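Biologist: Can you pull up the model so we can talk it through? I'd like to begin with the ligand.
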Amino acid sequence: MVIFNDTQQALASRINSKSTISNWQDWKWQLKNTIRTIGQFSKLTGIKFPDEERSQLKSTLDKFPLAITPSYASLISKENFRNDPVFRQSFANVNELIVRNNELEDPLSEEKDSPVEGITHRYPDRVLFHVSNICSMYCRHCTRKRKVGDIDFIPGSEQLIKGIEYIRSKPQIRDVLLSGGDPLMLSDSQIDWLLSEITAIPHVEIVRIGTRMPVVLPYRITDELIAVLKKYQPLWINTHFNHPREMTASAKEALRKLADGGFPLGNQTVLLAGVNDCPRIIKKLVHSLVQNRVRPYYLYQCDLSEGLSHFRTPVGKGIEIMESLIGHTTGFAVPTYVIDAPGGGGKIPVMPNYIISWSTHKVILRNYEGVITSYQEPDRYENNFCNGNCEDCSLELNVQESDEIESIGIEKLLSDANDSISLIPENNERYNRREE
Ligand SMILES: *Cc1c(COP(=O)(O)O)cnc(C)c1O
């Protein structure tokens, strides 16, 4: 498919009067010509800033680097650029210099949960593996803002090997999530090597890649890349569309290649004030995602990273959006709305309430239309008492002891085999008194 519209053509010719469509569609050309300064941005897009703002913007860039691929920049509408969702996500804003109370450099404590550099091991059975420190476009709303792009360095193979060794040493890791930065900033041969190492580990059942390339540099999804990735099924790919405007012809083409390659596709959206904090925008976005074979996976509440306060919405906005989706549209077009717990507690799903009341024999529910209904509980139910030993149970599953992970949290309180009756915060004064 040939896609080269007037805006793209104009932008390409300002980069070099001899630029051709094959330059434009070459991801390495796009990377080489990535916009990194305000001057370059103004020159290529024709968007100019007053002197005072320009100097403030420059201090913003000293703290958080700028990178916009020509391809993504071509989506900005010049006439109304200040409200443009692509501009807002990619171009610096002087508000980034404001650091509010409770905002943190590492809001999710990814470093505290990092046993070796590059690995975040937060959940029992899966890890986040930061395999690149750079992106083709730096999202202004990035949660890893202080780290990503800082030194423009791609972790060397030595560091990657340490991460691989860690995964190999922990048999409970069955799911490895490659993240960054953007893992697809690595070359095809580096990706090939990395995936061959990780998938050779017997206990790794699935690998996932989190990448924004289909949105910000769709030409990165080449046939050659697909051929490399195909060798390592099952491979799940998650991308990051935030606004329906980003679903361009070339983005669709990238998604088509990935879906035809056989990779299950998911999308993670961040809820952003002034970009997509509107039920209609999100609904349109999820519809265009499923039309392109992408399953909306998460809708994230914006993290408490430094300098993101102008992007944050109240949680109520997210709940209002979920209310507008659940029941109103295709079930698999509805993402899970999550708040990533500050301090490293992981993702916490948040939803409108659907259970209104409860008795021993009835549950009272309400649906998306406001209809209130009752569900009759079964008269008889024989619970399978679970002592944790599958041999004593009539259900046909035989969990090996080695497969078992100790139950924690509310799951533990619910379990038959556990005799603890409450979860008590550390240093609870009342309990400390008892100890004395
Ligand atoms: C999001 C995340 C994961 C993956 O979580 P899923 O809910 O399984 O998608 C794993 N590790 C860390 C540190 C994460 O932030």
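Modeller: One convention before we start. Ala, Val, Leu, Ile, Met, Phe, Trp, Tyr, Cys and Pro count as nonpolar, Asp, Glu, Lys and Arg as charged, and the others, Gly among them, as polar. Also, this is a predicted model.

Biologist: Fine. How do the residues of the shell around the ligand divide?

Modeller: The shell has 5 nonpolar, 1 polar and 4 charged residues.

Biologist: And which residues surround the ligand?

Modeller: Thr120, Arg122, Tyr123, Arg126, Leu128, Leu177, Arg208, Tyr297, Tyr298 and Lys347. Tyr counts as nonpolar here.

Biologist: Which side chains have a polar atom by a ligand oxygen?

Modeller: Arg126 is one, with a polar side-chain atom 2.7 Å from an oxygen of the ligand. Arg208 has a polar side-chain atom 2.8 Å from a ligand oxygen. For Tyr297, the distance from a polar side-chain atom to an oxygen atom of the ligand is 2.5 Å.

Biologist: How much of the ligand does the protein bury?

Modeller: The protein buries 90% of the 380 Å² that the ligand exposes when taken alone.

Biologist: Where does the ligand sit?

Modeller: In the largest pocket.

Biologist: Which elements give two or more residues to the shell?

Modeller: Three strands: S1 (119-123), S2 (126-130) and S7 (294-300). S1 supplies the largest share, 3 residues.

Biologist: Let's zoom out. How many helices and strands are there in the protein?

Modeller: There are 16 helices and 12 strands.

Biologist: How does the radius of gyration compare with the globule rule?

Modeller: The radius of gyration is 24 Å, and the rule gives 22 Å for 436 residues. Those values are close, so the protein is as compact as a globular protein of that length.

Biologist: What box do the C-alpha atoms fill?

Modeller: Roughly 75 × 50 × 50 Å, along the principal axes.

Biologist: Now backbone oddities. Where is there a cis peptide bond?

Modeller: One joins Gly180 and Gly181, with omega about 10°. Gly181 is in the loop between strand S3 (175-179) and helix H9 (188-199). Another joins Gln233 and Pro234, with omega about -5°. Pro234 is in the loop between helix H11 (223-230) and strand S5 (235-239).

Biologist: Why flag those?

Modeller: Because most peptide bonds are trans.

Biologist: Which residue has a positive phi although it is not a glycine?

Modeller: Asn102, at about 75°. Most residues other than glycine have a negative phi.

Biologist: Where does Asn102 lie?

Modeller: In the loop between helix H7 (85-90) and S1. S1 is also the strand that gives 3 residues to the ligand shell.

Definitions and conventions. Residues are numbered from 1 along each chain as its sequence is written. This is a predicted model: local features need pLDDT of at least 70, side-chain atom pairs count only at pLDDT 80 or more; totals for chains, interfaces and linings use all residues. Side-chain values use heavy atoms; hydrogens and water are left out. A residue is near a molecule or strand if one of its heavy atoms lies within 4 Å of it. A polar contact is a pair of N or O atoms within 3.5 Å; within protein, one must be able to donate a hydrogen and the other to accept it, and residues adjacent in sequence count only if both atoms are side-chain atoms. Accessible areas come from the Shrake-Rupley method with a 1.4 Å probe; for residues, only the protein chains shown count as cover. On a 1 Å grid over the protein atoms alone, a cavity is a set of points where a 1.4 Å probe fits but cannot get out, and a pocket is an open set with protein on both sides within 12 Å along at least five of seven lines; lining residues have an atom within 4 Å of a point. A molecule sits in a cavity or pocket if more than half of its atoms lie within 2 Å of its grid points. Helices (H or I, at least four residues) and strands (E, at least two) are DSSP runs, numbered from the N terminus. The radius of gyration is taken over C-alpha atoms; the globule rule is 2.2 Å times the number of residues to the power 0.38.
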